[in-house]
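Trainee: I should like to learn how a fold is read from its strands and helices. May we work through an example together?

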Amino acid sequence: MSLRYRLRGFKLVAMLVESDGQRSSSFRRTRLRAGEGAQDEKWLQTLLFARPDLVILDRMEADAGAFVPIVRELPLAREGGVVFLDILGISRSGRLVLVECKLWRNPQARREVIAQILEYAALARGLSYSDLTAKVRQSTARRS
């Protein structure tokens, strides 16, 4: 499968194309529900964890391969408290992948979101392998 973009009229359309090149599906922008049962950032986090094929690493790093999610809501200690990384995963090449879910409607400025993921990366980098493993086990046990 690959994701391709095509111009239709004056609108950019995302297409998911099967590896045989014969079948494709168009994506279209839809409004997300508000209120109870809303499609919020938690919904997006759940979706990406359940459907890791939606995280297209090859677009960010050549030959990154498939994304394998490991844990959701990984606690990372920082000065003044704890923050939670939405999803921690790993690439085929063995690199850790940090996913922070944000919706388009999120009013946070782009710089704030980038600063947030950079902070999470710095906090995760400061963990030893055994510390990271322990945190993953604790987070996984909480979800069970």
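**Reading the fold**

Mentor: Let us begin with the surface: the accessible surface of the chain comes to about 10,600 Å², and carbon and sulfur atoms account for 54% of it. Please bear in mind that this is a predicted model.

Trainee: What share of the 144 residues in the chain is buried?

Mentor: Buried residues make up 29% of them. As for contacts between residues at least 6 apart in sequence, 41% join residues at least 24 apart.

Trainee: Which pattern does the chain follow when read along the sequence?

Mentor: The chain has three helices and six strands, and their pattern along the sequence is β-β-β-α-β-β-β-α-α.

Trainee: How are strands joined into a sheet, and in what order do the three strands of the open sheet stand?

Mentor: In general, strands of a sheet pair through backbone hydrogen bonds, in either a parallel or an antiparallel manner. Here the order is S4-S5-S6, with antiparallel pairing. Strand S4 (67–78) and strand S6 (96–99) are the edge strands, each pairing on one side only. From one strand to the next, the twist averages 35 degrees.

Trainee: Over how many bridges do S5 and S6 pair?

Mentor: Strand S5 (residues 81–91) pairs with S6 over four bridges, in the antiparallel sense. To trace the register, note that Gly89 stands opposite Val97 in S6, while Ile90 stands opposite Leu96 in S6. The hairpin of these two strands has four residues between them, and Gly94 there takes a positive phi near 90 degrees.

Trainee: Which side chains along S6 are buried, and which are not?

Mentor: The general idea is that in a regular strand the side chains alternate between the two faces of the sheet. In S6, Val97 and Val99 point to one face and are buried. Leu96 and Leu98 point to the other face and are not buried. The cut-off for "buried" is under 20% relative accessible area.

Trainee: Let us turn to the helices. Which strands does helix H1 touch?

Mentor: Helix H1 (residues 41–50) packs on the sheet and touches S4, S5 and S6. The direction of H1 makes about 135 degrees with that of S4.

Trainee: At what angle to S4 does helix H2 run?

Mentor: Helix H2 (residues 110–125) runs at about 85 degrees to S4, lying across S4, S5 and S6.

Note on methods
Residues are numbered from 1 along each chain as its sequence is written. This is a predicted model: local features need pLDDT of at least 70, side-chain atom pairs count only at pLDDT 80 or more; totals for chains, interfaces and linings use all residues. Side-chain values use heavy atoms; hydrogens and water are left out. Two strands pair if DSSP finds at least two bridges between them. Axes are lines fitted to C-alpha atoms, for helices over the stretch in contact, and angles run from 0 to 180 degrees between N-to-C directions. Contact means heavy atoms within 4.5 Å. Buried means under 20% relative accessible area, exposed over 50%, partly exposed in between (1.4 Å probe, protein chains only). Accessible areas come from the Shrake-Rupley method with a 1.4 Å probe; for residues, only the protein chains shown count as cover.
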